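Could you open the model in your viewer and keep the selection panel at hand? We will go from stop to stop, choosing residues and seeing what is there.

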Amino acid sequence: MTTALPDVTIGVDFGTLSGRALVVAVDDGRELGSAVHEYTHAVVERALPGGRVLPADWALQIPQDWRDVLRFAIPRALEAAGVRPQQVVGIATDFTACTVLPTTADGTPLCELPAFTDRPHAYPKLWRHHAAQPEADLIVSRAQESDQGWLARYGGRISSEWQYAKALQTLREDPAAYEAADRWIEAADWIVWELTGEENRNLCTAGYKGIHQDGAYPHREFLASLDPGFADFTAKLDHPLSPLGAPAGKLTAVAAALTGLPEGTVVAVGNVDAHVTSAAAQALDPGHMLAIMGTSTCHIMNSDVLAEVPGMCGVVRDGVVPGLWGYEAGQSGVGDILAWAVRTAAPHDYAVEARRRGISLHELLTEKAAAQPVGGHGLLALDWHSGNRSVLVDHHLSGLIVGLTLDTRPEDVYRALVEATAYGTRTIIEAFERSGVPVAEFTAAGGLLRNPFLMQTYSDVLNRPVNLLVSEQGPALGAAIHAAVAAGAYPDIRAASAAMGRLQRRAYTPDPARAAAYERLYAEYRTLHDHFGRGGNDVMHRLRALRDQA
């Protein structure tokens with residue numbers, strides 16, 4: 001008697017520097033095999049491939065790098081899992097949000113047309129492209145002047161990372177590229193277009209990054225107030241929005257040849273890396289906050305309460321799971337800040353010690369930092385090296401360390417920065433709760449879970465237990481869960497999450513003595529936060545302006 005081969009789905013997670021494919025068993029979410037493909041061009045920050053130099057605060061990507069993930073990572077993941085392509089019942093993708101690109105009507109990226117290869121605005125703008133801050137400021141000021149109701153859904157601010165600011169920058173700086181772009185699309189939707197051959201737009205990115213609220217985008221008159229040439233921008237976005245977990249289409253013959261999967265395999269609607277992880281972490285109930293912690297941190301939480309939370313990245317009905325309001329907040333830099341500390345604060349003798357002991361500089365600094373008592377370094381930092389996403393929504397703010405002396409050691413700086421990122425998360429939680437949106441549970445996911453000292457620090461600073469997503473590939477697992485729903489294996493996202501998700505509750509609990517000590521330090525953090533972030537002293541903006549002039 002022949003035993004039927006088990007059904008599997010594939011989740012493909014497109015990150016900042018690489019993409020990964022994960023093969024998952026549909027019945028219980030077992031991770032059977034995975035593969036990673038590093039982007040050839042990584043993040044294009046200094047110059048285009050042809051050599052054209054980019055200004056400050058630019059961050060672009062190359063679409064072919066994303067196609068290569070489909071080409072290389074999926075077959076390798078199937079091989080690692082020992083799974084036949086015919087067992088795959090569905091595939092789903094997730095992407096960094098706010099990574100947007102201009103395309104022709106058939107989905108061809110503008111940067112792939114010979115006439116546009118040397119024009120920066122023809123390329124996809126990565127989430128951390130922060131050069132559109134003037135445009136974001138203009139959108140906010142015009143929205144305030146004309147009392148746009150949607151502004152409150154985004155905490156009263158619009159980020160320079162989002163669709164409208166980046167598109168307006170394109171219009172202002174390269175009108176020809178803007179006009180040539182028939183479509184302006186999130187990479188989360190473009191990659192689905194590549195797989196199915198048909199344009200599809202997901203409800204999540206449209207709501208959180210495309211200012212789509214209550215069934216509509218900002219109206220034509222408002223857009224014209226930003227720039228007369230921007231009046232019809234919405235035409236580049238217009239398309240029916242698909243709910244999360246729904247099928248977007250089926251794999252084309254071309255995509256099947258690229259991936260090694262059968263033609264006709266179900267492809268789920270695109271999604272955002274952070275939001276899709278909520279299903280993997282079983283963090284779908286109201287008040288259960290999920291923090292996806294990596295180079296940056298994104299905070300996702302569902303609620304049955306609609307409120308105006310200052311500085312949030314957005315609140316969208318059905319934005320994470322049907323039937324609830326999905327809130328998003330975030331910190332622009334977390335792991336990136338710690339990596340900066342390793343690059344700049346660790347002297348040669350630390351590198352020698354790390355090599356001698358066979359550990360990384362991160363591990364060495366963590367070990368030395370963990371041995372200190374709370375407050376023992378005498379430092380306090382602001383975690384704004386990549387600007388502030390929540391709650392200030394100002395990417396022209398910068399990092400700060402107070403208390404440096406000639407005795408300050410690299411591990412002191414490292415620990416102060418770890419603590420600063422935890423203070424930033426606490427600031428976000430308190431903003432929710434002051435606005436009447438309770439936070440009942442806190443779960444962490446992402447690469448930073450590998451640092452137990454960091455996770456314990458978060459528990460102590462937040463003074464609450466921290467749950468963990470028991471997977472190192474949360475977004476890919478979440479995507480695979482959505483693929484199972486799209487393929488009809490489960491009736492909805494909740495049912496699929498319950499069967500396939502992974503959660504360890506109370507993995508870290510606060511130490512009462514350390515939590516009490518952090519209360520005093522957090523009060524000082526809030527003083528610095530409000531002074532430099534709320535207009536007490538705009539020196540960070542002035543220094544940036546001087547740098548740009550120079």
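Rings of Phe, Tyr and Trp, the last by its six-membered ring, count as a pair if their centres lie within 6.5 Å. Keep that cut-off in mind for the first stops, and bear in mind that this is a predicted model.

**Aromatic rings**

Start by selecting Tyr164, Tyr178, Trp184, Phe230 and Phe233, which together form one aromatic cluster. Now add Lys236 to the view: it lies over the face of Tyr178, 4.6 Å from the ring centre. For another charge over a ring, go to Tyr350, where the charged end of Lys368 sits 5.4 Å from the ring's centre.

How many aromatic pairs does the structure hold? The count is 16, and two of these are worth a visit.

Select Trp66 and Phe95, an edge-to-face pair with 4.9 Å centre to centre and 80 degrees between the planes. Trp66 belongs to helix H1 (residues 63–81) and Phe95 to strand S4 (residues 88–95), so colouring by element helps here; the two are 29 residues apart. Are these rings buried or exposed? Trp66 counts as buried at 0% relative accessibility, and Phe95 is likewise buried at 0%.

Next, pick Tyr327 and Phe432. They are also edge-to-face, with 5.5 Å between centres and 85 degrees between planes. Because Tyr327 lies in strand S15 and Phe432 in helix H13, the pair ties together parts that are 105 residues apart in sequence. Tyr327 is buried, with a relative accessible area of 1%, and Phe432 is buried at 0%.

**Cavities**

Stay with S15 and H13 and switch on a cavity display. Two cavities of 30 Å³ or more are counted, and the largest holds about 70 Å³ of space. To find it, select Gln331, Asp383, Trp384, Asn388 and Ser390, the closest to its centre among the 15 lining residues. Strand S15 (325–331), helix H13 (410–434) and helix H17 (512–533) each give two or more residues to this lining, and H13 gives the most, with three. By class, the lining has four nonpolar, nine polar and two charged residues.

Finally, move to the second largest cavity, with about 40 Å³ of space. Its lining includes Gln163, Glu186, Asp189, Arg201, Asn202 and Tyr217. Strand S7 (201–202) and helix H6 (203–209) are the elements that give two or more residues here. Colour this lining by class and you will find four nonpolar, three polar and three charged residues.

Definitions and conventions. Residues are numbered from 1 along each chain as its sequence is written. This is a predicted model: local features need pLDDT of at least 70, side-chain atom pairs count only at pLDDT 80 or more; totals for chains, interfaces and linings use all residues. Side-chain values use heavy atoms; hydrogens and water are left out. On a 1 Å grid over the protein atoms alone, a cavity is a set of points where a 1.4 Å probe fits but cannot get out, and a pocket is an open set with protein on both sides within 12 Å along at least five of seven lines; lining residues have an atom within 4 Å of a point. Grid points are joined across faces, edges and corners, and a volume is the space filled by probe spheres set on the points. Helices (H or I, at least four residues) and strands (E, at least two) are DSSP runs, numbered from the N terminus. Ala, Val, Leu, Ile, Met, Phe, Trp, Tyr, Cys and Pro count as nonpolar, Asp, Glu, Lys and Arg as charged, and the others, Gly among them, as polar. Rings of Phe, Tyr and Trp (its six-membered ring) pair if their centres lie within 6.5 Å; planes under 30 degrees apart count as stacked, over 60 as edge-to-face and the rest as tilted. Buried means under 20% relative accessible area, exposed over 50%, partly exposed in between (1.4 Å probe, protein chains only). A charge sits over a ring if NZ of Lys or CZ of Arg is within 6 Å of the ring centre and within 35 degrees of the ring normal.
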